[in-house]
Amino acid sequence: MNSLIRVCCISNRVRSLRPDICLQSALEAIESVRSDCPDLIVLPAFALTGAGCGSLSGNSALLDAARDALDELRLATADLPCYVIAGLLLDDWGKPAPVCAVLHSGQLVGFVPAEPGPSSRFDGRYSDRVLPAGAVFSAGGCRFTICSCPPDRLLLHTAELAATGCDLVVCPSCAPLYAGYISEARRTARLVTKALGCAAALCNGGGGDTTSPWLFGGFAGVYECGEELRFAAQKNADCLSPVEAVGADIDLDIIAAQKPGGVYVKPFFSAGLSDGKKGILRRIPQNPFLTCPNRDAYVGELFALQVSALIGRLQNSGIQKMVLGVSGGLDSALALLVAARAADCLGLPREALCAVTMPGFGTTDRTLRNAKALMKELGCSCAEVSIREACTQHFRDIGQDPNSRDVTYENAQARERTQILFDIANQVGGLVIGTGDLSEAALGWCTFGGDQMAGYNVNICLTKSMIRAVVKYVADAGLVVQAAALAYGGAAAKAPGGPVAHILRDILATPVSPELLPAQPGGQIAQKTEEILGSYDLHDFFTYYFIKYGFRPAKLLRYACVAFGPQLEPAFIKEKLELFLRRFFAAQFKRSCSPDAASITEVNLLGQNFTIPSDGDCRALLAELEEMTV
């Protein structure tokens with residue numbers, strides 16, 4: 001089943017008392033989106049009458065004209081296999097009743113009363129067409145309901161909306177504007193869709209209507225589980241302002257993964273999907289882990305939560321010393337910054353942080369230089385322990401040919417380093433701080449019994465790109481400074497730049513590598529992780545949609561091709577997706593016995609929200625990819 005439902009919100013121009021002008025504007029706007037093949041077209045409340053009719057709202061001539069406009073709209077959209085929702089006034093025994101008409105393929109499905117509630121009486125022409133408030137409709141499996149109220153009042157209706165179990169809330173409105181109103185409406189839509197695990201389509205109208213005593217203006221937005229997919233507003237509220245048509249594809253798989261279970265209301269009316277859609281009408285970012293509106297604030301909060309988690313572990317355990325392996329790479333650099341900041345917050349001397357660099361067969365001068373410089377500038381208790389001799393002896397003990405650069409050659413180095421850290425921790429009574437990240441955990445890019453082990457892990461909820469962002473943020477903001485600056489305090493201790501920032505920026509520019517194979521001639525890194533596995537950005541993309549929404553492989557591939565299409569060939573993306581799935585399942589046994597860590601991000605692999613068996617088989621998933629051609 002196609003899980004994408006295309007919703008198009010149109011804030012048409014209106015003129016009070018002129019249903020003919022309202023209709024013409026609506027038809028022009030609908031014609032402009034016809035080629036997009038929407039499944040649902042939403043017009044605002046009062047789309048066919050305007051909201052500023054005042055005492056003439058109940059005039060029978062106006063109401064008859066509105067009814068005629070609705071009939072013309074029905075006939076004009078008869079060839080569209082989609083729902084069309086439009087607000088107007090109906091004649092309720094001589095009184096105007098605001099309703100939303102629901103049309104489908106040239107048929108009038110019915111009228112949904114607008115807020116504040118259903119009218120108790122409708123004349124004989126409409127009594128059999130009036131639907132109860134909260135009626136549920138279905139479009140290709142998307143169950144939606146209509147809540148025609150000012151968008152900022154959606155929060156007042158969360159209980160009844162939750163009771164419908166709907167996937168989509170359609171909110172036609174015609175609320176007058178005031179400074180800050182649109183921002184409040186957008187914030188409310190995010191809150192409601194996040195809380196209910198659903199989508200929402202806001203369509204506020206009134207552009208071109210009277211400007212006294214209210215000012216009306218059109219805006220529209222489509223929201224999904226707390227995220228704003230699309231939004232637009234008319235530039236001004238006069239009748240000449242352009243029509244805004246906001247279209248987006250909501251994803252039922254994402255909604256199903258976020259929705260609380262246990263509610264089902266049978267739809268009043270069901271219809272299929274439109275055919276002929278071209279592409280995906282929604283933004284699919286390459287880095288979904290970092291799509292928050294205020295990225296700097298989010299990244300800063302990530303660092304603060306890492307520090308807070310480590311502080312809590314040290315306080316609760318009574319441990320006052322930390323032991324950390326520093327490689328000169330990104331992960332250990334961030335873990336070191338977190339540990340240094342935690343020591344400062346606890347009032348511990350920086351010497352309480354025992355930082356150890358352990359050069360091996362593949363360590364380059366650049367990474368070793370950065371590791372030693374960062375440890376020194378942060379004022380840690382520094383140690384350098386070469387693992388070359390110990391690993392060489394170990395190879396002799398187990399009969400390993402040191403010229404065989406196989407997995408034993410690599411993993412022996414990782415396990416030797418881990419042994420050193422734990423033994424030093426025993427000597428000083430310290431806690432071994434783990435450096436592994438989410439990207440490595442998803443791909444199993446760690447050594448079981450080696451860097452997979454620690455006393456407490458501070459990075460495990462962050463992907464490589466998130467770690468890169470946090471390290472850059474700390475460097476730019478000067479959140480962790482050299483030990484010399486601490487002695488002076490005040491502005492000197494908080495100023496960005498300086499030796500620590502310089503070292504961090506060089507680490508950011510260093511290729512990601514475990515450095516377990518000898519360097520190339522000239523001392524260059526021989527083992528670059530992304531040349532072996534593929535881009536971390538691509539694998540992080542797979543990780544996000546696979547563990548958060550449970551996307552099937554075909555859909556993962558489709559989304560990734562949209563997001564990375566300009567840079568990567570579909571065949572390459574498919575190849576890396578197959579690699580991801582194989583490694584993801586094969587690595588579960590490592591994750592099943594991972595060190596303690598705090599769950600500080602919504603999407604991670606700590607086991608609270610996502611579990612699979614350690615001996616799970618991914619062949620059913622791979623079979624789907626094998627049958628696909630790209």
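This briefing describes the sheets, a buried strand and three helix pairs of the structure above. The model is predicted. Five strands form an open parallel sheet in the order 16-15-14-17-18, and helix 8 and helix 10 pack against strands of this sheet. Elsewhere, strand 7 is largely enclosed by the rest of the structure, because five of its five residues are buried.

**The five-stranded parallel sheet**

- The sheet is open, and its strands follow the order 16-15-14-17-18 with parallel pairing.
- Strand 16 (381–384) and strand 18 (456–457) occupy the edges; each has a single partner strand, so one side of each is left without a neighbour in the sheet.
- Helix 8 (residues 365–377) packs on the sheet through contacts with strand 15 (353–357) and strand 16, and its direction makes about 165° with that of strand 15.
- Strand 17 (residues 431–434) is joined to strand 18 by two bridges, and the two run parallel.
- Within this pairing, Ile433 lies opposite Tyr456 of strand 18.
- Helix 10 (residues 407–428) lies across strand 14 (322–325), strand 15 and strand 17, and runs at about 160° to strand 14.

**Strand 7 and its partners**

- Strand 7 spans residues 142–146; five of its five residues are buried, so the strand is largely enclosed by the rest of the structure.
- Cys142, Phe144 and Ile146 point one way from strand 7, whereas Arg143 and Thr145 point the other way; all are buried.
- Strand 6 (residues 136–139) runs antiparallel to strand 7 and is joined to it by four bridges.
- Ser138 has Arg143 in strand 7 as its bridge partner.
- The two strands, 6 and 7, make a hairpin with two residues between them, and Gly140 in the turn has a positive phi of about 55°.
- Strand 8 (residues 168–173) pairs with strand 7 in the parallel sense over three bridges, with Phe144 opposite Leu168 of strand 8.

**Helix 7 with helix 15**

- The axes of helix 7 (residues 330–346) and helix 15 (residues 498–508) come within 10 Å and cross at roughly 150°.
- These two helices, 7 and 15, are therefore roughly antiparallel to each other, and helix 7 passes helix 15 in a left-handed crossing.
- On the side of helix 7 the contact involves Leu330, Ala333 and Leu337, which meet Leu504, Ile507 and Leu508 in helix 15.
- The contact residues comprise six nonpolar, no polar and no charged.

**Helix 9 with helix 10**

- Helix 9 (residues 388–398) crosses helix 10 at roughly 125°, and their axes come within 10 Å.
- That angle makes helix 9 oblique to helix 10, and their crossing is right-handed.
- Ala390, Cys391, His394, Phe395 and Ile398 of helix 9 meet Thr408, Tyr409, Ala412, Gln413 and Glu416 of helix 10.
- This contact has six nonpolar, three polar and one charged residues.

**Helix 1 with helix 2**

- Helix 1 (residues 19–33) packs with helix 2 (residues 60–76) at an angle of about 20°, and their axes are 9 Å apart.
- Helix 1 and helix 2 are therefore roughly parallel to each other, with a right-handed crossing.
- Pro19, Leu23, Leu27 and Ile30 in helix 1 meet a set of residues in helix 2, including Leu62, Ala65, Glu72 and Leu73.
- By class, the residues of this contact are 10 nonpolar, no polar and one charged.

Conventions
Residues are numbered from 1 along each chain as its sequence is written. This is a predicted model: local features need pLDDT of at least 70, side-chain atom pairs count only at pLDDT 80 or more; totals for chains, interfaces and linings use all residues. Side-chain values use heavy atoms; hydrogens and water are left out. Two strands pair if DSSP finds at least two bridges between them. Contact means heavy atoms within 4.5 Å. Axes are lines fitted to C-alpha atoms, for helices over the stretch in contact, and angles run from 0 to 180 degrees between N-to-C directions. Angles under 35 degrees count as roughly parallel, over 145 as roughly antiparallel, 65 to 115 as roughly perpendicular and the rest as oblique. A crossing is left-handed if the near helix is turned anticlockwise from the far one by less than a right angle, and right-handed if clockwise. Ala, Val, Leu, Ile, Met, Phe, Trp, Tyr, Cys and Pro count as nonpolar, Asp, Glu, Lys and Arg as charged, and the others, Gly among them, as polar. Buried means under 20% relative accessible area, exposed over 50%, partly exposed in between (1.4 Å probe, protein chains only).
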